[in-house]
Amino acid sequence: MSAILASSRRPLVRFLLVATGIYLLWFFLYDRNLALDGRLDAALSRNIAAAGAGMLRVFGFDTQVDAVQPRLLVMDGRPGVIVGDPCNGLVLYALFAGFVLAFPGGGVRKLWFIPLGITAIYLLNVVRVAALALNHHYYQQSVEFNHHYTFTFVVYGSILLLWMWWVTRLHPEARTFSQAAA
């Protein structure tokens, strides 16, 4: 009986070990190297600010990124929002990809689902930056609340939905894993 119980827990143990390994890899590659260098974060922050400004221009708003500070989205000639490193989405991409990679199963579906999910998170982040710029422009009093609570809930909720979609619909061994976790 204990052998059956132990074998049914293998997917969960594997998930936890792989997730820990991915976290350690992220810690040593990103936290100890890339974050200290700063170029990757700076480039992504500038890109998110430019994409947010571009999205608003599509809808007829007078927006651009500041020439001196390219992380700053400017609306109607006034400062809007600055995309800081914690808000550029890089950690969210890694968190999303790490979860999918750690989940047991074949890699073929992961090859298309991870880039699709990262693209969805990127686009959601661009919409978030554009919405915060509009929020700042038209109703500045609620920016802090929306930045820290509303958009955090929306973004993390969306990532949770992507994970749930992966686990319940796209992963061939989902039932085995969920039974082991119970």
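Me: Two strands pair if DSSP finds at least two bridges between them. What makes E1 and E2 a pair?

Reply: The model is predicted, so local features need pLDDT of at least 70 and side-chain atom pairs pLDDT 80 or more, whereas totals for chains, interfaces and linings use all residues. Residues are numbered from 1 along each chain as its sequence is written, and side-chain values use heavy atoms, without hydrogens or water. E1 and E2 are linked by 3 bridges in the antiparallel sense, and they therefore satisfy the definition of a pair. One bridge joins Gln64 to Val74 in E2, and a hairpin of 6 residues connects E1 to E2.

Me: How do you know that E2 and E3 also pair?

Reply: Their antiparallel arrangement, with E3 spanning residues 78-82, comprises 4 bridges, so the criterion for pairing is again met. Leu73 faces Val81 of E3. The hairpin between E2 and E3 has 2 residues between the strands, and in it Asp76 adopts a positive phi near 50°.

Me: Why is Thr63 called buried?

Reply: The relative accessible area of Thr63 is 2%. Buried means under 20%, exposed over 50% and partly exposed in between (1.4 Å probe, protein chains only), so the value for Thr63 falls in the buried class. Thr63 belongs to strand E1, residues 63-65.

Me: What makes the link from the Thr63 side chain to Ala53 a polar contact?

Reply: The side chain of Thr63 lies 2.7 Å from the backbone oxygen of Ala53. A polar contact is a pair of N or O atoms within 3.5 Å (one able to donate a hydrogen, the other to accept it; residues adjacent in sequence count only through side-chain atoms on both sides), so this pair qualifies. By the looser test of contact (heavy atoms within 4.5 Å), and leaving aside neighbours within four places in sequence, the partners of Thr63 are Ala53, Leu56, Arg57, Leu73, Val74 and Met75.

Me: How do you know that both faces of strand E2 are covered?

Reply: In a regular strand the side chains alternate between the two faces of the sheet. In E2, residues 72-75, Leu72 and Val74 on one side and Leu73 and Met75 on the other are all buried.

Me: What makes up the count of helices and strands in the protein chain?

Reply: Helices are DSSP runs of H or I with at least four residues, and strands are E runs with at least two, numbered from the N terminus. The protein chain has 7 helices and 3 strands, in the order α-α-α-β-β-β-α-α-α-α. Of its 182 residues, 36% are buried.
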